[in-house]
Amino acid sequence: MLTLARISAWITSRFLHETGKMGIFLASVLLHLFVPPLQLNQLIRRIDFIGARSLLLIIFTGAFTGMVVAFQGYTALRRFGGEAFLGPGVGLSLIRELGPVLSALMITGRAGSALTAELGIMRISEQIDALEVMALNPIKYLVGPILLAAIITFPLLNAVFVVVGIYGGYLVGVQLLGVSAGSYFTQMSSAVTLDDIWGGLYKSLSFGVIVAWVCCFKGFYAARGAEGVSHATTQAVVMSSVLILVWDYFLTSIL
Amino acid sequence: MIRVVNLHKAFGSQRVLAGVNLAIPTGSIYTIIGQSGVGKSCLLKLLIGLLRPDVGEVWVDDTEVSHLRGRALNQVRARFGMLFQGGALFDSLSVYDNVAFPLREKTRLRETVIREKVHERLIQVGLAGVEGKFPAELSGGMRKRVAMARALVSEPEFLLFDEPTTGLDPIRVNSIHKLIHDLHSMLHFTAVIVSHEIPEIFSLATQVAMLHEGSIVAVGTPAAIQSSTNPLVQQFIQGRSDGPIEAN
């Protein structure tokens, strides 16, 4: 019983220590965002890496998600004679839920893991120490631009995902299953409100912060050589993905 | 001058430094020798504020470094350069961009001036013509030379070398030592070198200190260290496995 209590106390203290360290890390990154100079070159490089290079993946997954949603939605709606509502079904599910969540998960897998590995390798090969010796703050120089790039690119990629998804749904629903093109878009535009669109964008923005925060933190404090970097990368992807889903639930309940 | 006073450092339950005292004169080539894992690299990182001591002080001229943070610490660091064990070159940047990096980030010099300084440093380390290559395309010795050029480009007063010749063949070891000697004569920085290269390092150093079990057990000129009667020193410089130092 005493051992169990000790283990529980150890886990709690480890959890609190890690959470506190992550909180301080995020606060430090946010604080340095407002300290000039803006690392413009780094920012452009990160926007290119997180945003532009994820575009093809987002278009691909967005198209197939929209197509699948249209198929499933059509099957369900036809049972109640509500095929005309396929447009709103596809639009709302993509805008409010699937677009922000799936695009964030895709970017985590493609860019988040790579960022953790990059920072981890920089840590173990003393490149981060070298920055400090040069009197440059590595959090400001390396992590700040990543966070800012994620805040900019996640909502944009989400928007691309949603638009492509809606056209994917159109292909299946209208071109393949015979739903009227007019009702698909008309019903969608009357059902979807500006609040839905803003809600989706807020979600993707906050997912951007989560992914940049977790992935950078894990990479920044990676240790113990190649195995440590590999461990940090796995942890970053798993933790980001779980946090995206948990945070999505909380946001969905208030938005 | 760098002064280290009663420096203690532990990582968890592992005690690394236990009361180190050093006085590194300005303009010297001060070498710290000792077994692997005795805390030599840790000591270098404490000098420049990359690690903080548990107890003790590090003085750089009249400034106590170990309690500094932020801008005040950066002002001290701006006087230092450091050559890391693996070079710590930025993988994503070319040789030219690596060497130009400190000038671009910390000064407002025009690119033409930066280009001149970078070329000058690369010529000094014998690497003219490799500006466009990336670190992964260089040999270990070339990477160390590029790292040296980068450390020197901002003209530091103090240059810290963390095992600058580890992993190099004897010819390259001597060429790096000669390079340090020549650059030191030319630029008059204070060099602090952590090294295992016995006896080669004795021809380069002006002062040698031996670190053992967390404290300095011998300090002196290379000649004094080589003729020391301390059994720890003699066992280490002769590389004998039998003696008071356990070869584990």
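Angles under 35 degrees count as roughly parallel, over 145 as roughly antiparallel, 65 to 115 as roughly perpendicular, and anything else as oblique. Keep that scale in mind for the first view, and remember throughout that this is a predicted model.

**View 1. Helix 3 of chain B packs against helix 4 (residues 111–124) of chain B at about 125 degrees.** That angle falls in none of the other classes, so helix 3 and helix 4 of chain B are oblique to each other. Their axes sit 10 Å apart, and helix 3 of chain B goes past helix 4 of chain B in a right-handed crossing. On the helix 3 side, look for Y96(B), V99(B), A100(B), L103(B) and R104(B). Helix 4 of chain B answers with I114(B), K117(B), V118(B), R121(B) and L122(B). Sorted by class, this contact has seven nonpolar and three charged residues, with no polar ones.

**View 2. Here is where chain B meets chain A, with 14 residues of chain B in contact with 10 residues of chain A.** Three elements of chain B give two or more residues each to its side of the contact: helix 2 (70–77), strand 6 (80–83) and helix 3 (95–106). Helix 3 of chain B, already met in the first view, supplies the largest share, three residues. Class by class, the chain B side that touches chain A splits into nine nonpolar, two polar and three charged residues.

**View 3. Two domains of chain B face each other, domain 1 (1–79 + 157–248) and domain 2 (88–155), as given by the domain assignment.** Taken over C-alpha atoms, the centres of domain 1 and domain 2 of chain B are 25 Å apart. Nine residues from domain 1 of chain B and eight from domain 2 of chain B take part in the contact. Helix 6 (residues 170–187) of chain B brings five residues, the largest share of the domain 1 side. By class, that side of domain 1 has seven nonpolar residues, one polar and one charged.

**View 4. D61(B) and E155(B) each have a positive phi, and neither is a glycine.** For D61(B), phi is about 55 degrees, and the residue lies in the loop between strand 4 (55–60) and strand 5 (63–64) of chain B. For E155(B), phi is about 50 degrees, and its loop runs between helix 5 (140–153) and strand 7 (158–162) of chain B. Buried or exposed? D61(B) has 11 other C-beta atoms within 10 Å, so it is exposed, the cut-off being 12 or fewer. E155(B) is exposed too, again with 11 other C-beta atoms within 10 Å.

**View 5. A cis peptide bond joins I198(B) to P199(B).** Its omega is near 5 degrees. To find P199(B), follow the loop between strand 8 (190–194) and strand 9 (207–212) of chain B.

**View 6. Over in chain A, V174(A) sits in helix 6 (residues 138–176).** V174(A) has 20 other C-beta atoms within 10 Å, so it is buried, since the class begins at 20 or more. Which residues does V174(A) contact once its neighbours within four places in sequence are left aside? They are V179(A), A181(A) and Y184(A). D196(A) is 22 residues from V174(A) along the chain, and their C-alpha atoms are separated by 23 Å.

Methods. Residues numbered from 1 in each chain as written. Chains lettered and ligands numbered in written order. Predicted model: local features only at pLDDT ≥ 70, side-chain atom pairs only at ≥ 80, totals over all residues. Contact = placed C-beta atoms within 7 Å. Helix = DSSP H or I, 4+ residues; strand = E, 2+ residues; numbered from the N terminus. Nonpolar A, V, L, I, M, F, W, Y, C, P; charged D, E, K, R; others polar. Domains from an automatic or database assignment. Axes fitted to C-alpha atoms, helices over the stretch in contact; angles between N-to-C directions. Left-handed = near helix turned anticlockwise from the far one by under 90°.
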